[in-house]
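Thanks for coming. I will go through one structure today, starting with how the protein chains meet and then turning to the DNA. Please have a look at it first.

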Number of protein chains: 2
Amino acid sequence: MKQPTICPKFEKAISLLSQRWTTLVIYQLLLGPQRFNEIQTSIGISGKVLSDRLKELENQGVVKREVIPETPVIIKYSLTEKGQSMEPILKTIENWSQTWIKLESELSSN
Amino acid sequence: MKQPTICPKFEKAISLLSQRWTTLVIYQLLLGPQRFNEIQTSIGISGKVLSDRLKELENQGVVKREVIPETPVIIKYSLTEKGQSMEPILKTIENWSQTWIKLESELSSN
DNA sequence: TATACTTACTTACATAAAGTAACGTGGTGA
DNA sequence: TCACCACGTTACTTTATGTAAGTAAGTATA
């Protein structure tokens with residue numbers, strides 16, 4: 001590793017977003033507040049890593065964790081304002097993917 | 001891992017972009033065609049991983065590798081049309097980061 | 001009271017990815 | 001011939017992720 005010459009804010013954003021699963025977790029939460037198991041089963045992440053990611057995203061102020069003392073207790077994860085503000089990023093990626101990504105099943109003549 | 005329920009094209013795009021370094025390599029190449037060592041020193045990636053990423057990006061049709069038989073030989077990496085088309089994604093992330101990312105040095109009152 | 005069940009994790013261990021540093025290759029120049 | 005440079009590759013270590021079993025708090029059931 002040498003010394004990078006890139007804007008540190010951009011770099012920090014990238015290092016967040018390019019952690020495996022982070023983007024998908026945020027994408028999922030853009031659909032609305034969700035519980036641990038909902039996120040887990042809908043994106044197919046392991047419990048261990050989801051736990052790590054949610055903690056990190058909470059630390060970064062992207063995700064909010066709420067304990068609802070019902071019976072049984074419900075833990076609800078949702079996006080903060082900062083998290084919501086990432087929607088354009090996800091939408092841009094989504095748009096791009098629709099135009100440019102070819103799936104295995106479509107790769108015939110390239 | 002359970003079964004995910006997300007658009008496969010979007011997922012494939014995410015799995016590309018959320019590989020460590022991929023985004024930074026593309027970002028760097030958006031500044032113009034560059035040689036191996038230029039990329040390496042400007043983003044601070046190890047030669048081994050850069051080599052892997054460039055191969056993968058070439059396979060995905062994002063990066064083009066050109067051998068220029070000068071003296072000594074020059075290997076020039078540049079973005080294909082598909083690679084160039086990712087610029088909006090990077091710009092969106094850059095904009096977001098300027099507004100929302102706080103650096104260590106700025107974290108006093110949060 | 002004991003047993004079993006649920007959600008939301010955590011822990012222990014195995015595999016995969018990334019980092020580091022040394023080496024290989026093809027060509028130049030001294 | 002020896003040293004040097006660009007562009008990698010290889011061998012080995014460290015870190016991240018996956019898998020499966022376990023824990024804790026609360027209920028319901030017998």
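How many salt bridges are there between chain A and chain B? The count is zero. Keep in mind that this is a predicted model. Polar contacts do occur there: seven residue pairs between chain A and chain B make them.

On the side of chain A that touches chain B, the elements giving two or more residues are α1 (8-17), α2 (22-30), α3 (36-43), α5 (81-84) and α6 (87-100) of chain A. The largest share comes from α6(A), with 10 residues. Sorted by class, that side of chain A holds 22 nonpolar, 14 polar and 11 charged residues.

Now the extent of the contact. Chain A puts in 47 residues, and chain B puts in 47 residues. About 4,400 Å² is buried between chain A and chain B, and carbon and sulfur atoms give 71% of that area. Within chain A, the residues that lose the most area to chain B are Lys9(A), Phe10(A) and Trp96(A), which together make up 17% of what that side buries.

Next, how the two chains are arranged. A turn of 180° with a shift of 0.0 Å along the axis lays chain A on chain B, with an RMSD of 0.1 Å. The two copies are therefore related as by a two-fold rotation axis. In chain A, Ser18(A) has the C-alpha nearest that axis, at 1.9 Å. Both copies use the same surface, as 100% of the contact residues of chain A recur in chain B.

That leaves the DNA. Which residues come nearest to DNA strand D? There are 18 residues around the strand, and the nearest are Lys48(A), Arg53(A), Ser51(B), Arg65(B) and Tyr77(B). Of the atoms of DNA strand D that come within 4 Å of the protein, sugar and phosphate account for 68%.

Two of those residues have a polar side-chain atom beside a phosphate oxygen of DNA strand D: for Arg65(B) the distance is 2.5 Å, and for Tyr77(B) it is 2.4 Å. Arg35(B) has a side-chain N or O atom 3.0 Å from a sugar or linking oxygen of the strand.

As for elements, α4 (47-59) of chain A supplies at least two residues of the surface near DNA strand D, and so do α3 (36-43), α4 (47-59) and β3 (74-79) of chain B. The largest share, four residues, is from α4(B). By class, this surface has six nonpolar, five polar and seven charged residues.

Technical notes
Residues numbered from 1 in each chain as written. Chains lettered and ligands numbered in written order. Predicted model: local features only at pLDDT ≥ 70, side-chain atom pairs only at ≥ 80, totals over all residues. Heavy atoms only, no water. Near = heavy atom within 4 Å. Polar contact = N/O pair within 3.5 Å; in protein donor to acceptor, adjacent residues only side chain to side chain. Nonpolar A, V, L, I, M, F, W, Y, C, P; charged D, E, K, R; others polar. Least-squares fit on C-alpha atoms with pLDDT ≥ 70 in both. Contact = heavy atoms within 4.5 Å. Buried area = accessible area lost by both parts, 1.4 Å probe. Salt bridge = Lys/Arg side-chain N within 4 Å of Asp/Glu carboxyl O.
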